[in-house]
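This report describes one protein chain, from its overall fold to selected residues. The sequence and the structure are shown first.

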Amino acid sequence: MPKMKTHKGAQKRFGTTGSGKVYRVKSWRGHHLEIKSSRRTRRYAGKAILDPSQKDTVRRLLPYQ
């Protein structure tokens with residue numbers, strides 16, 4: 001049986017916590033941060049836990065994580 005390939009686009013966007021939850025980086029934090037207020041940029045900071053309904057989809061894309 002050949003190895004399953006990791007989806008490279010999903011690998012760059014998702015990660016897993018130690019307990020097995022899938023997390024993602026919040027959007028709107030990429031660039032043009034000078035014009036956004038500090039309140040907005042604080043809200044976009046950090047990581048967000050992915051909804052459990054999407055967990056199986058991401059697990060299929062990331063079989064070894």
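What percentage of the 65 residues in the protein chain do buried residues make up? Buried residues account for 17% of the 65 residues. The model is a predicted one, and every value below was computed from it.

**Overall architecture**

The protein chain contains three helices and three strands. Along the sequence, these elements follow the pattern α-β-β-α-β-α. The radius of gyration of the protein chain is 15 Å, well over the 11 Å that the globule rule gives for 65 residues, so the chain is more spread out than a compact globule. The C-alpha trace spans about 50 × 20 × 20 Å along its principal axes.

**Helix α2 and the positive patch**

Helix α2 comprises residues 38-44, and arginine 40 is found in this helix. Arg40 also belongs to a positive surface patch, which is formed together with Arg39, Arg42 and Arg43. Is arginine 40 buried, partly exposed or exposed? Arginine 40 counts as partly exposed because its relative accessibility is 31%, and the partly exposed class lies between the limits of 20% and 50%.

**The loop between β2 and α2**

Two residues with positive phi values are located in the loop that links strand β2 (22-25) to helix α2; one of them is tryptophan 28, and the other is histidine 32. Most residues other than glycine have a negative phi. In tryptophan 28, by contrast, phi is positive, near 70°. Histidine 32, likewise not a glycine, has a positive phi of about 60°. Tryptophan 28 counts as exposed because its relative accessibility is 59%. Histidine 32 also counts as exposed, with a relative accessibility of 54%. The C-alpha atom of histidine 32 is separated by 25 Å from that of glycine 15, a residue 17 positions away along the chain.

**Other loops and helix α3**

Threonine 17 is found in the loop between β1 (14-16) and β2. With a relative accessibility of 26%, threonine 17 counts as partly exposed.

Proline 52 has its place in the loop between β3 (47-49) and α3 (55-61). Why does proline 52 count as exposed? The reason is its relative accessibility of 65%, since the exposed class requires a value over 50%.

Arginine 60 is found in helix α3. At 61% relative accessibility, arginine 60 counts as exposed.

**Separation in sequence and in space**

For three of the residues described above, the table sets the separation along the sequence beside the C-alpha to C-alpha distance.

| Residue pair | Separation in sequence | C-alpha to C-alpha distance |
|---|---|---|
| Proline 52 and methionine 1 | 51 residues | 29 Å |
| Arginine 60 and lysine 5 | 55 residues | 9.9 Å |
| Threonine 17 and leucine 61 | 44 residues | 16 Å |

How far apart in space are arginine 60 and lysine 5, C-alpha to C-alpha? Their distance is 9.9 Å, with their positions 55 residues apart in sequence. For proline 52 and methionine 1, which are 51 residues apart in sequence, the corresponding distance is 29 Å.

Methods: Residues are numbered from 1 along each chain as its sequence is written. This is a predicted model: local features need pLDDT of at least 70, side-chain atom pairs count only at pLDDT 80 or more; totals for chains, interfaces and linings use all residues. Side-chain values use heavy atoms; hydrogens and water are left out. Patches are made of residues with over 30% relative accessible area and no salt bridge: like charges are joined within 9 Å, nonpolar side chains (Val, Leu, Ile, Met, Phe, Trp, Tyr) within 5 Å. Accessible areas come from the Shrake-Rupley method with a 1.4 Å probe; for residues, only the protein chains shown count as cover. A salt bridge is a side-chain nitrogen of Lys or Arg within 4 Å of a carboxyl oxygen of Asp or Glu. Lys and Arg count as positive and Asp and Glu as negative; His and the chain ends are not counted. The place of a charge is taken as NZ of Lys, CZ of Arg, CG of Asp or CD of Glu. Helices (H or I, at least four residues) and strands (E, at least two) are DSSP runs, numbered from the N terminus. Buried means under 20% relative accessible area, exposed over 50%, partly exposed in between (1.4 Å probe, protein chains only). The radius of gyration is taken over C-alpha atoms; the globule rule is 2.2 Å times the number of residues to the power 0.38.
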